Amino acid sequence: MRRGLFITFEGPEGSGKTTQVELLGQALAGREPVMVREPGGNELGERIREIVLYGAMELDPEAEMYLFMAGRRQLIAEVIAPALAAGQIVVADRYHDSTLAYQGGARGVPTTWPSTFPRPDVTFLLSVPVEHGLERLARAGKKPDRVEGESVEFHKRVADAYERLAASEPRRFTRLDATGSREHIHMAVMERLQPMLDAAG
Ligand code: T5A
C-alpha cells in the first residue's frame with residue numbers, strides 16, 4: 001500500500017510551530033493536506049485537552065502522560081493512519097515527541113514510542129531560547145495553560161529533551177533556529193520538504 005507523507009512540528013513554548021504549520025498548510029493547499037493539532041484534533045482529543053490543559057484537578061504525571069497518549073491513539077486511528085494509507089500528506093502541530101519531551105524529559109516519567117504510533121517522515125524542531133519563547137507568548141497575550149504555566153526550569157528541561165531527541169534521530173529531525181523571521185523559517189521548511197514533495201508527484 002502506498003503511504004503518504006507524515007510531517008510533524010515540535011518545539012518548546014512560543015517557538016512558532018503553529019505559525020509554521022499554518023504557512024505550510026497554505027503552501028500545500030493544492031495537495032489537500034490533513035492538518036491536525038495535539039492535544040485535540042477530534043472529539044476525544046478536545047475533551048482530553050480540556051482536562052489536561054484547563055482542568056482544575058491535580059493530575060499524577062503518569063496519568064497525564066496516558067491522557068495525552070490516549071488522545072493521540074484515537075487521532076491515529078480516526079485520522080492519521082487512514083490518511084497516510086490513502087497516500088495523503090498529514091501535518092501535525094505536536095505529536096509523540098511532545099510526550100517524550102514534556103512528560104519524559106521534564107516530568108521524569110518513563111516514556112517509550114508505542115509500535116502502533118506511526119513514525120513521522122520529517123519532524124521539524126523549532127529551537128528557541130526558553131525565555132524568548134515565553135516572552136513571545138506573553139506579548140501575544142496568551143493566558144498560560146496548566147503546562148505552559150510551569151517554571152522556567154521545567155521548560156528548560158523540555159528544550160534540553162528536544163535537543164537530545166533531535167540528536168538521537170538526525171535523519172528524521174530537522175532542527176531550525178526559530179528566532180529568525182517567519183518567512184525565513186518557512187523557506188527552510190519548504191527546502192527540506194521539496195525533494196519529498198517532488199517524489200510524491
Ligand atoms: N503537551 C502537549 C504535553 O505536555 N504533552 C503532549 O504530549 C502534548 C501533545 C499544548 C500544551 O500541551 C503540552 C505542551 C503545551 O504546553 P497548546 O495550547 O496547544 O498547548 O500550545 P502549543 O502547542 O504550545 O502552541 P502555541 O500555538 O501556543 O505556540 P507555538 O506554536 O509555539 O507558537 P505560535 O506560532 O502560536 O507563535 C507564538 C507567538 O509568536 C509569534 C506568533 O505570531 C505568536 O504571537 N511568532 C513569531 N514572532 C517572531 N518571529 C517568529 N518567527 C514568530 N513565529 C511566531
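Where does Glu32 lie? Glu32 sits in the loop between helix H1 (17-27) and E2, and this residue is a handy starting point for a walk through the structure. Please keep in mind that the model is predicted. The notes below move from the backbone to strand E2, then to the nonpolar cores, the ligand and, to finish, Arg172.

**Backbone points worth a look**

- Glu32 has a positive phi of about 50°, although this residue is not a glycine.
- With a relative accessible area of 60%, Glu32 is exposed.
- Arg94 also has a positive phi, near 80°, and is a residue other than glycine.
- You will find Arg94 in the loop between E3 and H4.
- Is Arg94 buried or exposed? Its relative accessibility is 13%, so Arg94 counts as buried because the cut-off for buried is under 20%.
- The peptide bond that joins Glu38 and Pro39 is cis, with omega about -10°.
- Pro39 belongs to the loop between E2 and H2.

**Strand E2 and its partner**

- E2 shows two faces: Val34 and Val36 are on the covered one, while Met35 and Arg37 are on the uncovered one.
- In a regular strand the side chains alternate between the two faces of the sheet.
- E2 and E3 run parallel and are joined by 4 bridges.
- Across from Val36, in E3, stands Ala92.

**The nonpolar cores**

- The largest nonpolar core has 34 residues, and Ile80 and Val90 touch the most other members.
- At least two residues of this core come from each of these elements: strand E2 (34-37), helix H2 (43-54), helix H3 (61-85), strand E3 (89-93), helix H4 (96-106) and helix H6 (152-168).
- Which element gives the most to this core? That is H3, with 8 residues.
- Leaving aside residues up to four places away in sequence, Val90 touches Leu5, Phe6, Ile7, Val34, Val36, Ile80, Ala83 and Leu84.
- Another core, of 19 residues, lies apart from this one; among its members are Val91, Phe124, Leu176 and Val189.

**Around the ligand**

- There are 30 residues around the ligand, and Glu13, Thr18, Thr19, Arg94 and Thr99 come nearest.
- Arg94 therefore appears twice in this briefing: as one of these nearest residues, and as a residue that counts as buried at 13% relative accessibility.
- Ser15 takes part through its backbone, where an N or O atom lies 2.9 Å from an oxygen atom of the ligand.
- Gln103 has a polar side-chain atom 2.8 Å from a nitrogen atom of the ligand.
- In the side chain of Lys142, an N or O atom is 2.8 Å from an oxygen atom of the ligand.
- How much of the ligand does the protein bury? Taken alone the ligand exposes 1000 Å², and the protein buries 87% of that.

**Arg172 and its neighbours**

- Arg172 is placed in the loop between H6 and strand E5 (173-177).
- Arg172 has 5% relative accessibility and counts as buried.
- Which side chain is joined to that of Arg172 by a polar contact of 2.7 Å? The partner is Thr123.
- A polar contact of 2.9 Å joins the side chain of Arg172 to that of Glu169.
- Not counting residues up to four places away in sequence, Arg172 touches Asp97, Trp113, Arg119, Pro120, Asp121, Val122 and Thr123.

Conventions
Residues numbered from 1 in each chain as written. Predicted model: local features only at pLDDT ≥ 70, side-chain atom pairs only at ≥ 80, totals over all residues. Heavy atoms only, no water. Core = buried A, V, L, I, M, F, W, Y, C linked by side-chain atoms within 4.5 Å. Buried < 20%, exposed > 50% of the residue type's maximum accessible area, 1.4 Å probe, protein only. Contact = heavy atoms within 4.5 Å. Near = heavy atom within 4 Å. Polar contact = N/O pair within 3.5 Å; in protein donor to acceptor, adjacent residues only side chain to side chain. Areas by Shrake-Rupley, 256 points an atom, 1.4 Å probe, with all protein chains shown as cover. Pairing = 2+ DSSP bridges.
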